[in-house]
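Visitor: I'd like to learn how to read a few local features in a structure like this one. Could you walk me through some?

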Amino acid sequence: MKQLLVVLVTFAVVGGTFRLEAEATNDAGRVQAAQETASQRDVRMAWWRDARFGMFIHWGLYAVPAGDYNGKRSKEIGEWIMSWANIPRAQYEQFAPRFNPEKFNAAEWVRIAKDAGMKYMVITSKHHDGFSMFDSAATTYDIVDATPFKKDPMRALADECKRQGLKFAFYYSIMDWHHPSQYVDAPGKDPTAGHGQTKMREGRKQEYVDYMKAQLKELVTKYDPAVLWFDGEWVDWWTEEDGQDLYKYVRSLKPDILINNRVGKGRKGMEGLNKTDRAYSGDFGTPEQQIPASGLPGVDWESCMTMNDTWGFKSYDENWKSSERLIRNLVDIVSKGGNYLLNVGPTPEGTIPAASVERLAAMGQWMKVNGESIHGTTASPFSTQLTWGRATRKGNTLYLHVFDWPADGTLKIPSMGAQPASAPILGGDADLKIEAAADSFTIKLPARPVNPIASVIKVQLH
Ligand code: GLC
């Protein structure tokens, strides 16, 4: 132990102090930077930065109505049905005895994620509706106590992820429509009030914070998640100080856990990155349903996005993005230095919708050939966006993702200082011909792309 401490201190002096200063203005991890050096933080973030692609899972009682409450349907997202259909607590609770996901198969879910090339999964342990999808001692409003299913799917998923080599993580909502400490004002009318902005009852906040901490302790100590992904932090009774306290608490339970920036108040709207006026808690930014236009050097971020228009299952949402769109989103995000957290909303029976499974399989086929251009790579080295596609890099290897196959068969690449030595297409057979000029180099392409969605050329630089 003593030896370990000496190593850490040396690390701190050699590794980090200067960079800490430099990163301080826009680093989403500014708060804990005071407690760990930049290199210690790099070690903690390493697996996540390499992973690049994860599965988001929104699964809860809202899967039962599946976007339909007494014949009332809406364009709104499925997991917000308690809000937009203005369902009273006592009525909403009635979904619990109807929730019996008998087809749930943890091994299958993890396999679907793994085959798609995903390296981690983040699942709703408790969404805004307050229902716990794990076996919690802090409440009986949970899947084991309140549903005929009586089993804990989070236990099964955590174990399966370990078995199949994926990182397992939890989403947890701070805003809670069910906990008695909070109430809903002006339901269904003003979007800045109502369910979107619960009120905290006078003198009840500590009780609720204690409740959250008790649940988080269960989640961290029993399931060993790699990330805690908070949400619902925008309510006006939640402060940045509360966020910092919760951040520290969760890390005290598991020092190397990662926590998103929605634990505190640093998030800039749906853009999800951090405000820079002061220090905010959290390790990474969370753009929602969008990809930041250009990369953000020095900031860790993860875009969370849906495949159709909802997070939680809706039986009638068929507005699916194509596999081409999803694959190109992945490439686009990774070329800008971010992670892609792609959502599925399982059914009340416990299955991932077929349309999602098909798309993930298509992504997996692409990843089987081209995954090395995604995993473990960093942002494009080019300062401007390439007209024909995207680029990622891994050390001396440059990966060129061609979306639009040039009609003249010539790909022009700005020079990077280093000279290209070879350029095979992943999944193709021969090396491509490279011609170097002073400020650029060109690659001669075959007549047809290997993959019309994105063919990847692997350029080895000297
Ligand atoms: C929003 C929504 C929520 C969803 C989340 C995913 O905050 O309120 O329903 O879980 O985005 O990022």
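**Reading the features**

Guide: Let's start with one residue: at 70% relative accessibility, Asn70 counts as exposed, since the cut-off for that word is over 50%. Keep in mind that this is a predicted model.

Visitor: Where is Asn70 found, and what is its phi?

Guide: Asn70 sits in the loop between β2 (68-69) and β3 (72-73). As for phi, most residues other than glycine have a negative value. Asn70 has a positive one, near 50 degrees, although it isn't a glycine.

Visitor: Now Asn86, in the loop between α4 (81-84) and α5 (89-92). What is its phi, and how does its accessibility count?

Guide: Phi of Asn86 is also positive, near 50 degrees, again in a residue other than glycine. Asn86 counts as partly exposed, because its relative accessibility is 37%.

Visitor: On to helices. Which residues of α6 are buried?

Guide: For that word, look for under 20% relative accessible area. In α6 (residues 106-115), the buried ones are Ala106, Trp109, Val110, Ile112 and Ala113. They span an arc of only 155 degrees around the axis, so they lie on the same side of α6.

Visitor: What do the buried residues of α6 pack against?

Guide: Their partners are two strands, β1 (53-57) and β4 (120-126), plus two helices, α8 (153-164) and α12 (354-370).

Visitor: And what should I look for at the ends of α6?

Guide: At the N-terminal end, Asn105 acts as a cap: one of its side-chain oxygens is 3.1 Å from the backbone nitrogen of Ala107. After α6 comes Gly117, with a positive phi near 95 degrees.

Visitor: Last topic, sheets. In what order do the strands of the open four-stranded sheet run?

Guide: The general idea is that strands of a sheet pair through backbone hydrogen bonds, either parallel or antiparallel. Here the order is β12-β13-β18-β15, with antiparallel pairing. β12 (389-394) and β15 (420-422) are the edge strands; each has a single partner, so one side of each lacks a neighbour in the sheet. On average, neighbouring strands of this sheet are turned by 35 degrees against each other, direction ignored.

Visitor: How many bridges join β12 to β13, and what lies across these two strands?

Guide: Six bridges link β12 with the antiparallel β13 (residues 397-402). Within this pairing, Arg393 stands opposite Leu398 of β13. Lying across both strands is helix α11 (residues 323-335), which runs at about 55 degrees to β12.

Methods
Residues are numbered from 1 along each chain as its sequence is written. This is a predicted model: local features need pLDDT of at least 70, side-chain atom pairs count only at pLDDT 80 or more; totals for chains, interfaces and linings use all residues. Side-chain values use heavy atoms; hydrogens and water are left out. Buried means under 20% relative accessible area, exposed over 50%, partly exposed in between (1.4 Å probe, protein chains only). The arc is that of the directions from the helix axis to the C-beta atoms. Contact means heavy atoms within 4.5 Å. A polar contact is a pair of N or O atoms within 3.5 Å; within protein, one must be able to donate a hydrogen and the other to accept it, and residues adjacent in sequence count only if both atoms are side-chain atoms. Two strands pair if DSSP finds at least two bridges between them. Axes are lines fitted to C-alpha atoms, for helices over the stretch in contact, and angles run from 0 to 180 degrees between N-to-C directions.
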